[in-house]
Amino acid sequence: MDENAKPGASERDELFLRRSFDAGRRAVANGNHPFGAILVDDNGKVLLEAENAYMPSHDGTAHAERLLCTQASISYSAEILQRSTLYSSAEPCAMCAGAIYWTGIGRVVYGLGEHRLKSITGDHPENPTLDLPCRTVFASGQKAIEVIGPLLEDEAAALHEGVWDQKD
């Protein structure tokens, strides 16, 4: 293989997805839930990174993907966003999928699937996980969004070890 060749889509996706896992680890270090997201343009340049920001305000809408979408929609043109990929440590929830749709991001790659996340979080009051695939949300819209995932799901699940244990 040519040393100067760009990595294949799956290698590139794994590389950037692991970077979203790093953002999730930073979120935990900052006292938040283990979710992270990054936005990468079609040339492989990281445009934005976001981590969950639930604390200190207990803002249930401060998901990494939603925060990233807000900044992306302010900072980048529709053309750039349509050719960009959002990498997320976990499958975007219905709220975040809606934000991705309205922001116009053309591609999503995620680690931990929503169904498996729900099995991990259980009925934890800080993460009342919906079992609603992002593909279902996107399919009800008028624009196509490519979705890859779950990918590296066991690595993504490891971010959540011990986080959602109920404290008595």
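Biologist: Why is Pro 133 called partly exposed?

Modeller: Buried means under 20% relative accessible area and exposed means over 50%, with partly exposed in between, using a 1.4 Å probe and protein chains only. Pro 133 has a relative accessible area of 35%, so it is partly exposed. Pro 133 lies in the loop between helix H5 (114-121) and helix H6 (134-139). One note before we go on: this is a predicted model, where local features need pLDDT of at least 70 and side-chain atom pairs count only at pLDDT 80 or more, while totals for chains, interfaces and linings use all residues. Residues are numbered from 1 along each chain as its sequence is written, and side-chain values use heavy atoms, with hydrogens and water left out.

Biologist: How do you know that Pro 133 and Asp 22 are separated in space?

Modeller: From their C-alpha atoms, which are separated by 23 Å. Along the chain, Pro 133 and Asp 22 are 111 residues apart.

Biologist: And what makes Asn 52 buried?

Modeller: Asn 52 has a relative accessible area of 3%, so it is called buried. Asn 52 lies in the loop between E2 and H2. Contact means heavy atoms within 4.5 Å. Leaving aside neighbours within four places in sequence, Asn 52 is in contact with Ala 27, Asn 32, His 33, Phe 35, Ala 62, His 63 and Ala 64.

Biologist: How do you know that H4 is largely enclosed by the rest of the structure?

Modeller: Helices (H or I, at least four residues) and strands (E, at least two) are DSSP runs, numbered from the N terminus. In H4, 7 of the 10 residues are buried, so this helix is largely enclosed. Among the buried residues are Cys 96, Ala 97, Ile 100 and Tyr 101. Their cover includes H2, helix H3 (78-82), E3, strand E4 (107-112) and H6. Just after H4, Gly 104 takes a positive phi of about 90°.

Biologist: What makes Cys 96 buried?

Modeller: Cys 96, found in helix H4 (residues 94-103), has a relative accessible area of 0%, so it is buried. Beyond its neighbours within four places in sequence, Cys 96 is in contact with His 63, Glu 65 and Arg 66.

Biologist: Now the sheet. Which strands are the edge strands, and what makes them so?

Modeller: Two strands pair if DSSP finds at least two bridges between them. By that rule, 5 strands form an open sheet in the order E2-E1-E3-E4-E5, with mixed pairing. Strand E2 (46-51) and strand E5 (146-148) each pair on one side only, which makes them the edge strands. From one strand to the next, the twist averages 15°. Angles here run from 0 to 180 degrees between N-to-C directions, and axes are lines fitted to C-alpha atoms, for helices over the stretch in contact.

Biologist: How many bridges join E1 to E2, and how do they run?

Modeller: E1 and E2 are joined by 5 bridges and run antiparallel. Ile 38, for instance, stands opposite Glu 49 in E2. These two strands form a hairpin with 5 residues between them, and Gly 44 in the turn has a positive phi of about 85°. Strand E1 (residues 36-40) also runs antiparallel to strand E3 (residues 85-90), with 4 bridges. In that pairing, Ala 37 stands opposite Ser 88, and Val 40 stands opposite Thr 85.

Biologist: What makes the pairing mixed?

Modeller: The pairing of the sheet is mixed, and E3 and E4 run parallel, joined by 5 bridges, whereas E1 and E2 run antiparallel. Ala 90 stands opposite Leu 112 in E4. E3 is mostly covered, with 6 of its 6 residues buried.

Biologist: Which residues of the lining lie nearest the centre of the largest pocket?

Modeller: They are His 63, Cys 93, Glu 114, Asn 127 and Thr 129, out of 20 lining residues. The lining divides into 10 nonpolar, 6 polar and 4 charged residues. H2 and H5 each supply at least two residues of this lining. Nonpolar here covers Ala, Val, Leu, Ile, Met, Phe, Trp, Tyr, Cys and Pro, charged covers Asp, Glu, Lys and Arg, and the others, Gly among them, are polar. On a 1 Å grid over the protein atoms alone, a pocket is an open set of points where a 1.4 Å probe fits, with protein on both sides within 12 Å along at least five of seven lines, and lining residues have an atom within 4 Å of a point.
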